[in-house]
Amino acid sequence: MRSKVYFTRTITPEAVVRLYGALGIALPGKVAVKVHSGEKGNQNFLHPEFWRPMVETVGGTIVECNTAYGDASGGVRDHTESHLQLMKEHGWTQYFDVDLMDAEGPDIVWPIPNGKVLQENRVGKHIVNYDSMLVLAHFKGHPAGGYGGALKQLAIGCASRAGKALIHSAGRTDDRFETWKQHASNIAFPEAMADAASSVVEYFKGRIAFINVMKNLSVDCDCCAVAEDPCMKDIGILASLDPVAADQACIDLVLQADDPGKAHFMERVNSRNGLHTLEAAAELGVGSREYELIEL
């Protein structure tokens, strides 16, 4: 059975809410709203004003985790104090309650019994304070993963600093300084991301929804302090209860686009073996690459 993916070419805050409504799900209890807060200096991330109506619709709390990279990257999101200061500068705390889920330890450790690479996932301790999750993803490229969408938000996005190190190193180290010396291959890294994503989906099973926004389509992620400008025109918004289907639909819309920038975008995806994340996640039962696209 194919998963349903709802799609609109209109990119507005109101359209986000409309697509969420099409999913027919009422996320229960306390809702964690996973976003990308945007690295300091990044020009492409989606600002809190864009997401505000959606977050208010579910009465959610913005959740993030600290990053694993060191100071040499130019980023400031790898320490709680500087990360929270940046979220204030970017306007998140002006509108929402904000929770850095790994601001205090110890991490929550979730087993991955059928993992391809990882046997466990380490996530921010506060994640268990939430009854459901709404994943708001900015679909774009990524320097390591090829692309970033719903699956990346589940995997790298929900992992603590130690968890991120484990994913990037394919389980070899949880030391964030050592992981870059032992970075996984472009086979093991996508599989580790799929493993980590599977544990989050399993925890929130039946209580999680996904929205991908195809806007500011750069080959670089919002985690880049210096990111390349978008290479494609904006495409639209997608919503699904299946993260694999949501990401696959985004890739297919890029491939179908009559846009000269798609070759550059897909070179980034393919050179990092980004589609293998989708393959691995589907094999793990996280979701399906087969979907029905319903344009609204």
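**Exercise 1. How many disulfides does the structure hold, and what keeps C223 and C224 out of one?**

Step 1: the structure holds zero disulfides, a disulfide being a pair of cysteine sulfur atoms within 2.5 Å.

Step 2: take C223. This cysteine is in no disulfide, and the nearest cysteine sulfur, in C221, sits 3.4 Å away.

Step 3: go on to C224. The closest cysteine sulfur belongs to C223 at 4.5 Å, which is too far for a bond.

Before going on, some ground rules. This is a predicted model, where local features need pLDDT of at least 70 and side-chain atom pairs count only at pLDDT 80 or more, while totals for chains, interfaces and linings use all residues. Residues are numbered from 1 along each chain as its sequence is written, and side-chain values use heavy atoms, with hydrogens and water left out.

**Exercise 2. Are C223 and C224 buried or exposed?**

Step 1: get the cut-offs. Buried means under 20% relative accessible area, exposed over 50%, and partly exposed in between (1.4 Å probe, protein chains only).

Step 2: apply them. C223 has 18% relative accessibility, so C223 counts as buried. C224 has 12%, so C224 counts as buried.

**Exercise 3. Find the salt bridge partner of E64, and say where the two residues lie.**

Step 1: use the rule, a side-chain nitrogen of Lys or Arg within 4 Å of a carboxyl oxygen of Asp or Glu. By this rule there are 15 salt bridges.

Step 2: look at the side chain of E64, which meets that of K34 in a salt bridge, 3.1 Å from N to O.

Step 3: place the pair. E64 is in strand β3 (residues 61-64) and K34 in strand β2 (residues 31-34), so this link joins distant parts of the chain, 30 residues apart. Helices (H or I, at least four residues) and strands (E, at least two) are DSSP runs, numbered from the N terminus.

Step 4: check the surroundings. E64 and K34 are buried, and a network of salt bridges links K34, E39, E64 and R77.

**Exercise 4. Work out what R268 pairs with, and whether each partner is buried or exposed.**

Step 1: R268 and D220 form a salt bridge through their side chains, at 3.0 Å from N to O.

Step 2: R268 belongs to helix α9 (residues 262-271), whereas D220 is in the loop between β10 (208-214) and β11 (236-240), 48 residues apart.

Step 3: R268 counts as buried because its relative accessibility is 13%, and D220 counts as buried because its value is 11%.

Step 4: set another pair beside this one. E120 and R122 also meet in a salt bridge, at 3.0 Å from N to O, but E120 counts as partly exposed at 29% relative accessibility.

**Exercise 5. Why is the pair of W92 and F96 called tilted?**

Step 1: know what to look for. A pair of aromatic rings is described by the distance of the centres and the angle of the planes.

Step 2: recall the limits. Rings of Phe, Tyr and Trp (its six-membered ring) pair if their centres lie within 6.5 Å; planes under 30 degrees apart count as stacked, over 60 as edge-to-face and the rest as tilted. The whole structure has seven aromatic pairs.

Step 3: plug in the values. The ring centres of W92 and F96 are 6.3 Å apart and the planes stand at 40 degrees, so the pair is tilted.

Step 4: add context. W92 and F96 are buried, and W92, Y95 and F96 make up one aromatic cluster.

**Exercise 6. Describe the largest cavity: its volume and its lining.**

Step 1: pin down the term. On a 1 Å grid over the protein atoms alone, a cavity is a set of points where a 1.4 Å probe fits but cannot get out; lining residues have an atom within 4 Å of a point. Grid points are joined across faces, edges and corners, and a volume is the space filled by probe spheres set on the points.

Step 2: the structure holds one cavity of 30 Å³ or more, and the largest cavity has about 30 Å³ of space.

Step 3: list the walls. Its lining is V35, H36, L46, W51, L136, A137, H138, Q153 and D222. Strand β7 (residues 132-138) gives the most, with three residues.

Methods:
1 Å grid on protein atoms, 1.4 Å probe; cavity = no way out; pocket = protein on both sides within 12 Å on 5 of 7 lines; lining within 4 Å.
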